[in-house]
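User: I am new to this structure and would like to learn how to read its features one at a time. Could you take me through them, giving the general idea before each case?

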Amino acid sequence: MEKAMGKIMTAAAETRAVAGTMTNFRWKIAFLIFLISFVAYMDRVNLSVATPVIMQEFGFTKIDMGFIQTCFFASYALMQVPGGILAEKFGMRKTGALAILWWSVFTALTALAKGKISFAAVRLAFGIGEGPVFPSLGAATFTWFNKHEKGKASSSILLGTFFGPVVGPVATVALMGLFGWHAVFIIFGLVGVALAWVWHRFACDNPADSPYVNAEEAAYINEGRSADSLKKAVAPWHKFLRSTQFWAVGIQFMVVDYIMYVFLAWLPMYLTEVHNMSLKSMGFWASCPWIALMAMVFLAGFVSDKIANGSHSEMQYKMRTVTAMAGVAVTSLGLYIASHTADPAMNIFWMSVSLGALGFAMSASWSSVISLGGKYTGSVSGWINLWGNIGGVLAPIVTAFFVTNYGWNNAFTATSLFGIIAIVAWIFVKPGKQLVPQDK
């Protein structure tokens with residue numbers, strides 16, 4: 001009966017939206033979330049694309065570049081849990097704006113680096129600043145969207161993170177051709193500064209406080225949610241750390257992000273070195289796997305919300321688990337096949353299949369953050385991002401070690417085998433069971 005009433009209320013709210021009585025400002029926030037995550041990942045991939053030029057200019061080895069990449073991921077990973085706590089204690093608005101501003105300043109300062117130590121120091125500081133951003137965005141997806149819109153809301157984060165590597169290689173190569181590699185980091189830094197202002201201006205901690213949200217939209221967003229769920233509070237970490245689910249969702253994301261960061265950090269170099277692609281050709285072909293990933297994330301978010309709003313909504317959590325496990329399995333298989341495919345076109349095809357399939361695990365992970373965390377979504381976001389970026393710390397340097405000692409094919413084969421860990425971990429995630437039950 002309660003479920004039926006909830007669906008009636010949701011249908012009524014949607015009818016008012018169609019009639020034009022309800023604002024839809026939350027979808028502008030979704031677009032802003034997309035833009036922030038897009039620029040964040042543009043700021044990561046630009047170093048990967050500029051790597052061949054920087055290596056030549058400064059005489060860096062692959063191990064040197066792996067170390068520089070790892071410095072970012074190390075500080076970024078360490079700031080995930082504190083970032084989630086800050087977002088919940090001080091609000092996603094202030095925390096997110098300060099984090100975006102910080103990371104953008106150090107993106108620009110990358111242009112002033114003069115050697116391995118200065119590159120490492122700047123990227124280390126860059127990671128500290130970016131750490132609280134995604135916990136803030138995760139908290140926004142919980143606060144700003146109706147419970148039936150969580151799949152599409154989560155996809156706005158993921159689509160941005162994967163659109164960055166689609167545009168990043170092409171944009172970086174174009175800017176490098178016009179102005180040199182230094183200008184790339186200065187331009188992206190200035191864009192981030194502007195986004196920090198926009199986030200602080202429009203992303204209120206409570207949608208009801210926004211002058212752009214009317215009473216109908218605020219009521220729709222908060223449907224079925226207690227007033228207590230919007231209060232700023234620190235998560236009960238003592239309970240979280242005793243939860244098998246909590247550890248499982250983190251561990252699987254470490255593997256998922258490890259695989260993704262292998263693509264992010266090394267695909268441009270792989271294409272130029274193994275397939276002898278020019279910088280211009282590499283900029284285009286390196287974007288293809290990320291286009292596949294975007295498409296699969298969008299599809300996964302759409303299907304997730306369809307199931308959540310359908311007559312078998314209780315199946316959404318089982319489907320989330322199944323699709324995540326299947327996605328990782330296809331990712332590993334595709335990467336293994338790609339590592340044994342010499343033809344450039346077929347290699348890119350299988351790389352695209354591999355990274356595209358990872359989108360199902362990514363979408364399931366971020367949707368599960370909301371269902372597991374509830375009002376503590378910021379902290380759970382920080383937790384999985386901590387584990388994900390442990391994968392990010394390992395991916396550049398471990399891959400560099402494998403490539404240097406065993407070659408590219410063996411490096412990708414080893415990466416594909418890590419998927420087994422994520423598949424096993426998903427058995428214990430149980431995304432339909434909230435970590436700390438909250439009053440409705």
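User: Which helix gives the largest share of the lining of the second largest cavity?

Analyst: On a 1 Å grid over the protein atoms alone, a cavity is a set of points where a 1.4 Å probe fits but cannot get out, and lining residues have an atom within 4 Å of a point. Helices are DSSP runs of H or I with at least four residues, numbered from the N terminus. Here the largest share, 3 residues, comes from H3, while H2, helix H3 (62–78) and H12 each supply at least two residues of that lining. The lining consists of Arg44, Ser48, Gln69, Phe72, Phe73, Arg123, Leu264 and Ala265.

User: How should I understand the values behind such statements?

Analyst: This is a predicted model, in which local features need pLDDT of at least 70 and side-chain atom pairs count only at pLDDT 80 or more, whereas totals for chains, interfaces and linings use all residues. Residues are numbered from 1 along each chain as its sequence is written, and side-chain values use heavy atoms, with hydrogens and water left out.

User: What volume does the largest cavity have, and how do its lining residues divide by class?

Analyst: A volume is the space filled by probe spheres set on the grid points, which are joined across faces, edges and corners. A search of the whole structure finds 5 cavities of 30 Å³ or more; the largest has a volume of about 100 Å³, and the second largest one of about 50 Å³. For the classes, Ala, Val, Leu, Ile, Met, Phe, Trp, Tyr, Cys and Pro count as nonpolar, Asp, Glu, Lys and Arg as charged, and the others, Gly among them, as polar. The lining of the largest cavity divides into 11 nonpolar, 3 polar and 2 charged residues, and of these 16 residues the closest to the cavity centre are Tyr41, Thr161, Phe253, Trp366 and Asn385.

User: How many aromatic pairs does the structure hold?

Analyst: Rings of Phe, Tyr and Trp (its six-membered ring) pair if their centres lie within 6.5 Å, and planes under 30 degrees apart count as stacked, over 60 as edge-to-face and the rest as tilted. The structure holds 35 such pairs. In one of them, the rings of tryptophan 27 and phenylalanine 145 have centres 5.2 Å apart and planes at 55 degrees, so the pair is tilted. Tryptophan 27 lies in helix H2 (residues 25–58) and phenylalanine 145 in the loop between helix H7 (133–143) and helix H8 (150–179), so the pair ties together parts that are 118 residues apart in sequence.

User: Are those two residues buried or exposed?

Analyst: Buried means under 20% relative accessible area, exposed over 50%, and partly exposed in between, with a 1.4 Å probe and protein chains only. Tryptophan 27 is partly exposed at 30%, whereas phenylalanine 145 is buried at 0%.

User: Where do tryptophan 383 and tryptophan 387 lie?

Analyst: Both lie in helix H17 (residues 377–406), 4 residues apart, about one turn of the helix. They belong to one aromatic cluster with Trp237, Phe240, Phe246 and Trp247.

User: What is the sign of phi in asparagine 276?

Analyst: Most residues other than glycine have a negative phi. Asparagine 276, however, has a positive phi of about 55 degrees although it is not a glycine. This residue lies in the loop between helix H12 (244–274) and helix H13 (279–285), and asparagine 276 is exposed, with a relative accessible area of 66%.

Key: On a 1 Å grid over the protein atoms alone, a cavity is a set of points where a 1.4 Å probe fits but cannot get out, and a pocket is an open set with protein on both sides within 12 Å along at least five of seven lines; lining residues have an atom within 4 Å of a point.
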